[in-house]
There are 2 protein chains.
Amino acid sequence: MSDSILLETRYPWNVFNSQCPTRQVLDRIADKWSVLILRRLSDGTLRFAQLRRAVDGISQKVLTNTLRGLERDGLVTRRIYASVPPRVEYSLTDLGRSLGGLVEGICCWAEANIERVEAARTVYDLASAAPEGEIH
Amino acid sequence: MSDSILLETRYPWNVFNSQCPTRQVLDRIADKWSVLILRRLSDGTLRFAQLRRAVDGISQKVLTNTLRGLERDGLVTRRIYASVPPRVEYSLTDLGRSLGGLVEGICCWAEANIERVEAARTVYDLASAAPEGEIH
DNA sequence: CCGCATCCTGAACGATACTG
DNA sequence: CAGTATCGTTCAGGATGCGG
């Protein structure tokens with residue numbers, strides 16, 4: 001009996017349940033900024049300012065917050081060097097690296113399919129603008 | 001010459017550039033609700049109310065908005081049956097189905113690694129609460 | 001049943017100024 | 001350099017009521 005349960009659901013968790021803690025994980029990793037940061041760090045260690053430049057458009061505040069969250073969830077390591085000026089390096093943990101393939105997959109999908117998406121948008125927007133036109 | 005360019009970057013797009021349209025795609029798919037909806041629809045067509053129940057915690061407004069966005073971007077099809085009461089079915093397009101593996105990967109990663117994430121959080125929160133304690 | 005319109009609150013975010 | 005702190009704004013999102 002317990003075997004069948006194990007076969008049906010390998011984990012007792014369920015992202016579709018809003019009370020399940022996995023939802024919080026989904027919230028963290030299914031996030032634009034998290035994806036971009038993780039992907040940058042998958043190429044190697046970066047300092048705060050480097051990371052900021054590498055992820056165009058992110059504000060200092062959002063970068064700080066996102067890094068804190070990623071660090072708290074064990075995806076990113078923060079190493080501080082007590083020098084003047086201060087030096088802080090961010091890198092992926094093993095757990096963070098285990099997300100590498102997914103994160104790259106997401107970015108690649110976006111780059112590979114943007115033209116299809118834009119084409120779909122054009123069609124959709126045209127249909128929305130003049131829905132009556134189709135009938136006449 | 002053009003060959004080397006093609007080899008270096010297969011696409012002229014770059015998600016790290018905030019002006020690049022691929023950022024908008026990333027915004028769409030690197031989103032908690034989009035991921036959950038796409039994953040549900042990858043198992044088959046669903047009506048609006050079914051989808052709402054299947055994605056626990058989503059409000060009607062957010063579901064509507066997210067579905068519109070996914071439809072506009074060509075990931076989801078909306079089929080309307082002019083019956084009483086009205087019947088609206090949502091399903092994935094081919095483009096949406098091409099995201100299936102990634103979407104499933106994200107959800108599975110969350111379910112498979114939640115315990116590691118929670119363990120990391122415990123460590124992080126303890127260290128933040130009493131950082132002086134380590135020295136004594 | 002589906003989902004649009006409206007109102008409203010709180011969280012997210014940008015900009016700026018300041019510190020170790 | 002790498003933040004923290006504060007302020008002001010914007011906007012996502014919840015609640016409710018109505019309409020096709």
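This is a tour of a predicted model with protein chains A and B and DNA strands C and D, taken one selection at a time.

Residues are numbered from 1 along each chain as its sequence is written, while chains are lettered from A and ligands numbered from 1 in the order in which they are written. Because the model is predicted, local features need pLDDT of at least 70 and side-chain atom pairs count only at pLDDT 80 or more, whereas totals for chains, interfaces and linings use all residues; side-chain values use heavy atoms, with hydrogens and water left out.

**Stop 1: the two protein chains**

Select chains A and B. In contact (heavy atoms within 4.5 Å) are 55 residues of chain A and 55 residues of chain B. The size of an interface is often given as the accessible area lost when the parts come together. Here the two chains bury about 5,200 Å² between them, with 67% of it on carbon and sulfur atoms; buried area is the accessible area, taken with a 1.4 Å probe, that two parts lose on being put together, summed over both. Now pick Phe16(A), Arg72(A) and Trp109(A): these supply 16% of the area that chain A buries against chain B, more than any other three residues.

**Stop 2: the symmetry axis**

Superpose chain A on chain B. A turn of 180 degrees with a shift of 0.0 Å along the axis gives an RMSD of 0.0 Å, which is the relation of a two-fold axis. Select Ala30(A) next: in chain A, its C-alpha is the one nearest the axis, at 2.3 Å. The fit is by least squares on the C-alpha atoms of residues with pLDDT of at least 70 in both copies. The copies meet through the same surface, since 100% of the interface residues of chain A are also interface residues in chain B.

**Stop 3: pairs across the interface**

Side chains of opposite charge can pair when their charged atoms come close. A salt bridge is counted when a side-chain nitrogen of Lys or Arg is within 4 Å of a carboxyl oxygen of Asp or Glu. Over all chains the structure holds 12 salt bridges, and 6 are found across the interface of chain A and chain B.

Show Asp125(B) and Arg72(A), a salt bridge with its closest N and O atoms 2.8 Å apart. This pair runs from helix H7 (residues 100-129) of chain B to helix H5 of chain A. Helices (H or I, at least four residues) and strands (E, at least two) are DSSP runs, numbered from the N terminus.

Move to Lys32(A) and Asp27(B), whose side chains meet in a salt bridge at 3.2 Å, N to O. Between chains A and B, 20 residue pairs are in polar contact, both residues being at pLDDT 80 or more. A polar contact is a pair of N or O atoms within 3.5 Å; within protein, one must be able to donate a hydrogen and the other to accept it, and residues adjacent in sequence count only if both atoms are side-chain atoms.

On chain A, the elements giving two or more residues to the side that touches chain B are helix H2 (22-29), helix H3 (32-41), H5 and helix H7 (100-129). H7(A) gives the most, 18 residues. By class, this side has 27 nonpolar, 11 polar and 17 charged residues. Nonpolar covers Ala, Val, Leu, Ile, Met, Phe, Trp, Tyr, Cys and Pro; charged covers Asp, Glu, Lys and Arg; the others, Gly among them, are polar.

**Stop 4: DNA strand C**

Select residues near strand C, meaning those with a heavy atom within 4 Å of it. There are 16, the closest being Ser59(A), Lys61(A), Phe48(B), Gln60(B) and Arg68(B). H5(B) gives the most to this surface, with 4 residues.

Zoom in on the phosphate oxygens. One is 2.6 Å from an N or O atom in the side chain of Ser59(A). For Arg68(B), the corresponding side-chain distance to a phosphate oxygen is 2.5 Å. A polar side-chain atom of Tyr90(B) lies 3.0 Å from a phosphate oxygen of the strand. Of the strand C atoms within 4 Å of the protein, 57% belong to sugar or phosphate and the rest to bases.

**Stop 5: DNA strand D**

Around strand D there are 16 residues, and Gln60(A), Arg78(A), Tyr90(A), Ser59(B) and Lys61(B) come nearest. Show Lys61(B): a polar side-chain atom lies 2.4 Å from a base oxygen of strand D. Ala49(A) instead uses a backbone N or O atom, 2.9 Å from a phosphate oxygen of strand D. The largest share of this surface, 4 residues, comes from H5(A).
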